[in-house]
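Please read this briefing with the model open beside it. It moves from the overall form of the chain to its surface and then to its interior.

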Amino acid sequence: MVAPAVGWVLPFAALLAALALLPIVAPHWWESNLRKFVLCGGLALPVALYYGVHDPSQLTHVAREYVSFVTLIGGLFFVAGGVLLEGDLEATPATNTIFLGVGALLASAIGTTGASMLLIRPLLSTNRERRFVVHTVVFFIFIVSNVGGCLTALGDPPLFLGYLRGVPFTWTFRLWPAWLFMTCALLAIYFVWDTRLHRQEPPDRIRLDRTRIKPLHLGGAHNLGLIVAVVAATVLLPSPWRELATLAVVGLSWSWTSSHLYHANRFSLHPILEVAAVFAGIFVTMIPALALLQAHGEALAPTAPWRYFWVTGLLSTFLDNTPTYLTFLTLAQGQGLASEVVGVPHDVLAGISLGAVMMGANSYLGNGPNFMVRAIAEQRGLAMPSFVGFMAYSATIVIPLFVVLTLLFLR
């Protein structure tokens with residue numbers, strides 16, 4: 001990979017600034033997906049031209065990764081959009097906490113993306129009578145879209161890449177103490193938080209919530225099997241067969257699913273188009289940042305597991321966590337450390353893995369489903385936190401927990 005001058009990181013920095021500021025200073029302008037495409041494309045164009053001349057193979061590689069990313073995210077978005085959990089539970093703190101706990105388990109079984117797309121709509125529907133819902137979506141992103149995915153190689157792309165590079169499939173089970181600590185701690189904090197806000201709900205909303213209780217009924221159950229098929233295609237098939245298989249599954253889902261289910265889910269293309277627009281810019285503009293990381297990463301390469309956790313995690317907050325995982329795994333393999341698993345100690349690989357997966361909770365860009373969940377919530381009328389506002393949540397909730405995790409498991 002060609003490492004350019006440091007100045008080529010500016011388009012990536014400008015895109016991060018735009019994502020942070022434009023929803024605040026120009027919210028109506030930012031609503032248009034076409035404008036997002038224009039902005040992201042304009043910032044990505046200079047980088048694309050540079051690599052088109054100096055390293056076209058890298059540009060081709062990133063284009064393939066982007067297509068794979070959008071195909072997976074889009075496939076799960078379409079298929080999960082045909083699953084309708086009808087009925088209405090009372091949106092108590094206990095009900096919401098159970099939702100999040102189930103999501104944490106599903107995230108490692110069908111991946112953070114699959115679990116997020118499957119559960120976010122039922123969770124929003126359950127809470128539609130409540131006034132205070134934003135915090136629930138934020139914790140959903142923390143738990144279901146990120147932290148929950150570290151138990152298996154299916155949970156998150158970095159872990160699957162590690163599996164392809166020789167990490168035994170069952171090795172990730174060693175991460176269960178950290179997974180259990182983070183999941184239980186976040187669920188406990190959420191339960192206390194939601195209990196306090198539930199008491200502040202207007203009485204008329206509480207009464208309405210209680211009068212609208214209906215038994216749950218699952219519509220579009222066949223799509224659950226198709227979600228598993230998308231995940232299996234991602235795990236078992238090489239590119240381009242996995243993308244073609246995913247598109248075929250989407251076609252089957254679309255043809256077999258009643259339009260009533262999509263209508264009842266308030267399904268629209270706006271969220272997936274927003275993700276496609278933003279991440280098109282992210283994938284291209286981050287090429288120089290990743291190239292500089294690979295070229296000069298030895299200066300950042302630590303030896304202690306906790307340092308690997310923080311360096312990998314903080315960089316994964318804004319950069320794609322999969323190449324960041326691979327970069328630091330490669331650096332660790334070249335340090336002559338104890339060769340316990342794929343050429344590194346178990347605790348070093350644990351630090352890299354936990355940082356890449358869990359610290360995706362630090363920002364909307366940390367993991368693909370984060371932005372998708374935000375888009376779906378905003379489509380339902382929720383005023384989600386801005387880019388900076390979300391990071392304020394993560395700085396006050398998950399970062400302190402990561403400090404405790406470091407002291408307990410990575411010293």
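The points below are grouped by topic.

This is a predicted model, and its protein chain contains 19 helices and 2 strands. Buried residues make up 56% of the 411 residues in the chain.

**Overall form**

- The protein chain has a radius of gyration of 21 Å, which agrees with the value near 22 Å that a compact globule of 411 residues would have.
- Measured out along the principal axes of the protein chain, the C-alpha trace spans about 65 × 45 × 40 Å.
- Among the contacts in the protein chain with a separation of 6 or more, 82% are accounted for by residues 24 or more positions apart.

**Surface and charge**

- The protein chain exposes about 16,700 Å², and carbon and sulfur atoms supply 68% of that area.
- The chain carries 22 positive and 19 negative charges, and the mean positions of these two groups are 6 Å apart.

**Interior**

- The largest nonpolar core holds 119 residues, of which Phe 142, Leu 186, Phe 279 and Ile 282 touch the most other members.
- Helix 13, covering residues 270–296, gives the most to this core, contributing 14 residues.
- Once its neighbours within four places in sequence are left aside, Phe 279 is in contact with Tyr 66, Phe 69, Leu 365, Gly 368 and Phe 371.

Key: Residues numbered from 1 in each chain as written. Predicted model: local features only at pLDDT ≥ 70, side-chain atom pairs only at ≥ 80, totals over all residues. Heavy atoms only, no water. Helix = DSSP H or I, 4+ residues; strand = E, 2+ residues; numbered from the N terminus. Rg over C-alpha atoms; globule rule 2.2 N^0.38 Å. Buried < 20%, exposed > 50% of the residue type's maximum accessible area, 1.4 Å probe, protein only. Contact = heavy atoms within 4.5 Å. Areas by Shrake-Rupley, 256 points an atom, 1.4 Å probe, with all protein chains shown as cover. Lys, Arg positive; Asp, Glu negative; His and termini not counted. Charge placed at Lys NZ, Arg CZ, Asp CG, Glu CD. Core = buried A, V, L, I, M, F, W, Y, C linked by side-chain atoms within 4.5 Å.
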